[in-house]
Amino acid sequence: DFEINDFRTTDLNNDGLMDIIAVGDYEYDNWAIMAYIQKSKNVFEIDTTRFVYAINTNGKRKSWKPWLIHYDYNIL
């Protein structure tokens, strides 16, 4: 089971619906950043390709990462 430690709501795909970014863990040494994309009112789909983050995700955890800081960047 995926235990969510923190989350933020934002419109990730600019469709006018609020999506969810969540950070959590399956177990102590196995954590992930997940995107829940809202398809219609209160219907979400998990997007496992939205975020790629590999630092400290394998092997023994060197520091706890239960909080999520989110910024909106527009890359030209």
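This report walks through the strands and the salt bridges of a predicted model.

**The sheet**

Let us start with the backbone. Four strands come together in an open sheet, and their order is E1-E2-E3-E4. The pairing is antiparallel. Strand E1 (3-10) and strand E4 (43-47) take the edge positions; each has a single partner strand, so one side of each has no neighbour in the sheet. From one strand to the next, the twist averages 30°.

Inside this arrangement, strand E2 (residues 19-27) pairs with E3 in the antiparallel sense, and 7 bridges link the two. If you would like a place to look at this pairing, try Glu-27, which stands opposite Asn-30 in E3.

Strand E3 covers residues 30-40, and Ser-40 belongs to it. Is Ser-40 buried or exposed, or somewhere in between? Ser-40 is partly exposed, because its relative accessible area is 34% and partly exposed residues lie between the 20% and 50% limits. Ser-40 also makes a handy marker for a separation in sequence and space: Met-18 is 22 residues away from Ser-40 along the chain, while their C-alpha atoms are 9.9 Å apart.

**The salt bridges**

How many salt bridges does a search of the whole structure find? The search finds 3, and here they are side by side.

| Salt bridge | N to O distance |
|---|---|
| Asp-6 and Arg-8 | 3.0 Å |
| Asp-47 and Arg-50 | 3.4 Å |
| Lys-39 and Glu-45 | 3.9 Å |

The pair Lys-39 and Glu-45 counts as a salt bridge because 3.9 Å falls within the 4 Å cut-off.

Now for how accessible these partners are. In the pair Asp-6 and Arg-8, the side chains meet in a salt bridge. Asp-6 is buried, with a relative accessible area of 14%, whereas Arg-8 is partly exposed at 33%. The pair Asp-47 and Arg-50 reads in a similar way: Asp-47 is buried, its relative accessible area being 18%, and Arg-50 is partly exposed at 35%. Both Asp-6, at 14%, and Asp-47, at 18%, are called buried because the limit is under 20%.

In the remaining pair, Glu-45, the partner of Lys-39, is partly exposed, with a relative accessibility of 44%.

Sheet and salt bridges can also be viewed together. Asp-6 lies within the residue range of edge strand E1 (3-10), and both Glu-45 and Asp-47 lie within that of edge strand E4 (43-47).

Definitions and conventions: Residues numbered from 1 in each chain as written. Predicted model: local features only at pLDDT ≥ 70, side-chain atom pairs only at ≥ 80, totals over all residues. Heavy atoms only, no water. Buried < 20%, exposed > 50% of the residue type's maximum accessible area, 1.4 Å probe, protein only. Pairing = 2+ DSSP bridges. Axes fitted to C-alpha atoms, helices over the stretch in contact; angles between N-to-C directions.
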